[in-house]
Amino acid sequence: MDLFEYQGKQYFARFDIPVPNGGVADTVDEAVAHAEHIGYPVVVKAQVQVGGRGKAGGIQLANNADEARLHAGNILGMDIKGHTVRRLWIEEASQIQEEYYASFTLDRSAKLYLGMLSAQGGVEIEQVAAESPQAIARIHINPLDGLTEPACREWVAQAKLNPAATAGTVSILLKLYRAFEDGDADLVEINPLILAQDGRVYALDAKVTLDDAAAYRHEEWQSFGKIISEDERERRAQERGLQYVGLDGSIGIMANGAGLAMSTLDVVNQVGGDAANFLDIGGGSGADVVRAALEVINSDPKVKAIFINVFGGITRGEEVAAGIIEGMQGVELNSPVVVRLDGTNAEEGRAILAANATNMLYVEPTMLDGARKAVALAGGR
Ligand code: GDP
Ligand code: MN
């Protein structure tokens with residue numbers, strides 16, 4: 001689960017990491033009210049889950065109520081790299097002296113945690129890594145040992161920050177590590193971490209990805225989840241516990257396994273169609289999950305045909321077929337379903353499907369045939 005900046009800052013604050021004062025606003029009036037309360041100058045920041053908001057015009061300084069009103073009005077509804085701004089974060093403006101970068105994440109190949117710190121913050125870290133990799137101080141941390149204070153000091157020394165920022169940065173990094181490790185995050189990133197004119201060090205931006213697998217032991221995360229998805233279809237899918245990503249095409253997709261689902265999108269595209277979604281129904285294909293998946297796909301008015309692409313592994317073909325037929329019964333479908341079933345006992349499964357074929361259920365032997373049929377039923381792109 002990715003958090004918005006303001007949620008990331010709230011998350012950081014729980015771990016005692018200093019962040020600017022601010023408030024969330026969904027309307028221009030709310031934004032101005034926060035600005036008046038905080039005191040000018042304030043910064044009006046677009047809340048979208050994509051970087052580079054500054055460059056896109058989604059971050060503006062306001063020196064008075066008129067400017068706050070103007071910027072809030074301009075930024076709300078703005079499109080930033082395909083994300084519509086629906087929410088703002090209004091915070092006290094900062095007098096920046098220097099901008100740094102700090103993060104913790106998993107290094108899967110090293111099987112260790114990786115901390116990265118750089119005196120060159122404020123720009124994308126990928127750019128720093130490409131242009132001047134030596135400017136990033138890295139530390140590998142064994143989760144069993146944790147991040148000790150001496151190790152943290154040494155790491156910060158390597159990054160050659162302004163000495164005035166050293167103590168504050170060490171303190172923040174130790175807390176950020178706790179936010180990462182105890183907090184069950186996959187990524188915590190501060191870019192920029194700033195040294196302000198007044199000598200304080202604090203987080204000016206926040207990027208946090210929580211580990212969904214740990215959600216069961218974090219009831220407090222529920223407050224983050226509510227507004228996570230802006231897409232009605234994705235919200236429906238979340239309620240049903242489905243791995244769904246909404247897209248813009250007309251072919252609804254359901255596949256078992258993320259890899260197969262992605263291949264299905266490619267094949268549909270290859271034969272002249274566009275997928276309406278990505279949806280991985282996972283290993284089992286019981287009637288419940290098929291029904292839930294069909295409910296979500298069927299709720300999308302753009303969908304003209306549905307392509308179910310299942311490779312039976314442990315789940316046998318007959319079970320998959322029975323699940324599909326039973327699942328379909330619970331939903332009043334707006335568009336026809338094409339099934340490609342392969343793998344364990346595929347023959348038996350296909351026979352069951354064929355016996356139940358109607359003008360709403362078609363069975364095709366291969367992924368390519370299935371994709372072609374679905375695209376034809378949908379009438380192309
Ligand atoms: P991003 O572009 O989406 O990563 O958004 P950030 O929150 O990182 O802001 C981008 C840049 O805007 C920062 O690196 C700063 O240079 C600038 N910025 C953000 N807030 C302030 C502020 O309060 N004062 C000043 N002077 N600059 C700011
Ligand atoms: Mn940033």
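# Backbone details, ring pairs and the ligand 1 site

D16 sits in the loop that runs between helix 1 and strand 1 (22-25). The model is predicted, and every value below is computed from it. Phi of D16 is near 70°, which is a positive value in a residue other than glycine. With 55% relative accessibility, D16 counts as exposed, because the cut-off for that class is over 50%.

K111 also has a positive phi, near 55°, and is likewise a residue other than glycine. The loop that holds K111 lies between strand 7 and strand 8 (112-118). K111 is exposed, since its relative accessible area is 72% and the class begins over 50%.

Two cis peptide bonds can be described next. One joins Y40 and P41, with omega at about 0°. P41 belongs to the loop between helix 2 (28-38) and strand 2. Another cis bond joins N191 and P192, where omega is about 10°. P192 is found in strand 10.

## Aromatic pairs

How many aromatic pairs does the model contain? The count comes to 10 aromatic pairs. Y6 and W89 form a stacked pair, with a distance of 6.3 Å centre to centre and an angle of 20° between the planes. The pair counts as stacked because its planes are under 30 degrees apart. Y6 is in helix 1 (residues 5-14) and W89 is in strand 6 (residues 88-92), so this pair links distant parts of the chain, 83 residues apart.

Are the two partners buried or exposed? Y6 has a relative accessible area of 5% and is therefore buried, the limit being under 20%. W89 is buried too, with a relative accessible area of 5%.

Elsewhere, ring pairs link F104, Y113, W155, Y177 and F180 into a cluster.

## Ligand 1

Which residues are closest to ligand 1? The ligand is surrounded by 16 residues, and the closest are K45, R53, S94, E99 and D205. By class, the residues of this shell divide into 6 nonpolar, 6 polar and 4 charged.

Why does ligand 1 lie between two domains? Domain 1 (21-92) and domain 2 (96-224) both give residues to the shell, so ligand 1 lies between them.

Polar contacts that involve an oxygen atom of ligand 1 are listed here.

| Residue and atom | Distance to an oxygen atom of ligand 1 |
|---|---|
| G52, backbone N or O atom | 3.4 Å |
| S94, polar backbone atom | 2.8 Å |
| D205, side-chain N or O atom | 3.0 Å |

Taken alone, ligand 1 exposes 570 Å², and the protein buries 77% of that area. Strand 2 (42-46), strand 7 (96-107) and strand 10 (185-196) are the elements that give two or more residues to the shell around ligand 1.

Some of these elements appear earlier in the report. Strand 10, one of the elements that give two or more residues to the shell, also holds P192, which is joined to N191 by a cis peptide bond. Strand 2, another of those elements, borders the loop in which P41 is found. Strand 7, also among them, borders the loop that contains K111.

Notes
Residues numbered from 1 in each chain as written. Chains lettered and ligands numbered in written order. Predicted model: local features only at pLDDT ≥ 70, side-chain atom pairs only at ≥ 80, totals over all residues. Heavy atoms only, no water. Near = heavy atom within 4 Å. Polar contact = N/O pair within 3.5 Å; in protein donor to acceptor, adjacent residues only side chain to side chain. Areas by Shrake-Rupley, 256 points an atom, 1.4 Å probe, with all protein chains shown as cover. Helix = DSSP H or I, 4+ residues; strand = E, 2+ residues; numbered from the N terminus. Nonpolar A, V, L, I, M, F, W, Y, C, P; charged D, E, K, R; others polar. Domains from an automatic or database assignment. Phe/Tyr/Trp six-rings, centres within 6.5 Å; stacked < 30°, edge-to-face > 60°. Buried < 20%, exposed > 50% of the residue type's maximum accessible area, 1.4 Å probe, protein only.
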